[in-house]
Amino acid sequence: MSSRTVGRAPASTPGSFWNYLFLSLVILFSAFPLYWMVVIASGTDADLAKIPPQLLPGGQLLTNLNEVFTLKNVYFAQSLGNSFIVSSIVTFSVLFFCSLAGFAFAKLRFAGRNALMVVVVLTLTVPNQLGVVALYILMGELGWNGTLVAVIVPGLVTAFGVFYMRQFILEAVPDELIEAGRIDGATTLRIYWSVVLPAVRPAMAVLGLLTFVATWNDFQWPLITLGGTYYPTSMVALSDLASGNYVLYRRVLAGAFVATIPLLIMLFIGGRQIVRGIMEGAVKN
């Protein structure tokens, strides 16, 4: 090899150019709905009626946001706080219980382990809508309907989270580490906390992000149990903004813009762990 070629960066190929071009177009198409939401949320009713439509953001975003937060019978500010409380509690609960159950199913030996895992997987095939009536009756018997407790408790643990963590722990945590911990005298909970959790951190970041987004965007069950109360979630409040004979879309999309910001923050925080998890999986495979 010639000394001139040492340390030289590989030349770009036509294939790599088209790959980057394709990825750039995908990013633009994916981000355009968010951009268009900002355009409508910062415009006026007259801007929305223009043909061709206005493509640049206007200067009415703060005015529209003020209307959203001061509108009577919507309680938008309180709904954002309620959604944050519900999503945070559900996310931390899912991460704890699902990682603990996944560790038990993956590394512990107990009677009926495989049968219980089959039951967990089978619950994934049952649509959530089939259990809404029974769940509403149960929450009513407990006196929880109309409160945030009715939204939090059903989501404290998920079958998908248990299955996902079990599969990741099977691959990421060798049996030798578990046995070494037992030889050193560590209890099962100590092994879970000191050995398993550090190894499954990328998977927990992915599961936490998916859980937070799903809980934040949940609409059906909060609407059923919280509809008509003073304690709505953000999605229920957005539906209230979109209700009525005449819908002001600048107002609706201004509320949607605010409700999207926490999701973007979560994606920014958990994005690095997600990429790390994907790269580790690629190296192992």
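This short talk walks through one helix pair and the two largest pockets of a predicted model. Residues are numbered from 1 along each chain as its sequence is written. Because the model is predicted, local features need pLDDT of at least 70 and side-chain atom pairs count only at pLDDT 80 or more, while totals for chains, interfaces and linings use all residues.

Let me begin with the helices, which are DSSP runs of H or I with at least four residues, numbered from the N terminus. The axes of α4 (residues 76–107) and α11 (residues 201–217), lines fitted to C-alpha atoms over the stretch in contact, come within 9 Å and cross at roughly 145°, on a scale from 0 to 180 degrees between N-to-C directions. Where they touch, with heavy atoms within 4.5 Å, α4 contributes residues including Leu-95 and Cys-98, and α11 contributes residues including Met-204 and Gly-208.

Now to the pockets, a pocket being an open set of points on a 1 Å grid, where a 1.4 Å probe fits, with protein on both sides within 12 Å along at least five of seven lines, and lining residues having an atom within 4 Å of a point. The largest pocket has a volume of about 970 Å³, and of its 27 lining residues, Asn-128, Pro-154, Gly-155, Val-157 and Thr-158 are the closest to its centre. Helix α11 supplies the largest share of that lining, 5 residues.

The second largest pocket has a volume of about 240 Å³, and here too α11 gives the most to the lining, with 5 residues. Among the residues closest to the centre of this second pocket are Leu-95, Met-204 and Gly-208, which also take part in the contact between α4 and α11.

Notes:
Heavy atoms only, no water. Helix = DSSP H or I, 4+ residues; strand = E, 2+ residues; numbered from the N terminus. Points joined across faces, edges and corners; volume = space filled by probe spheres on them.
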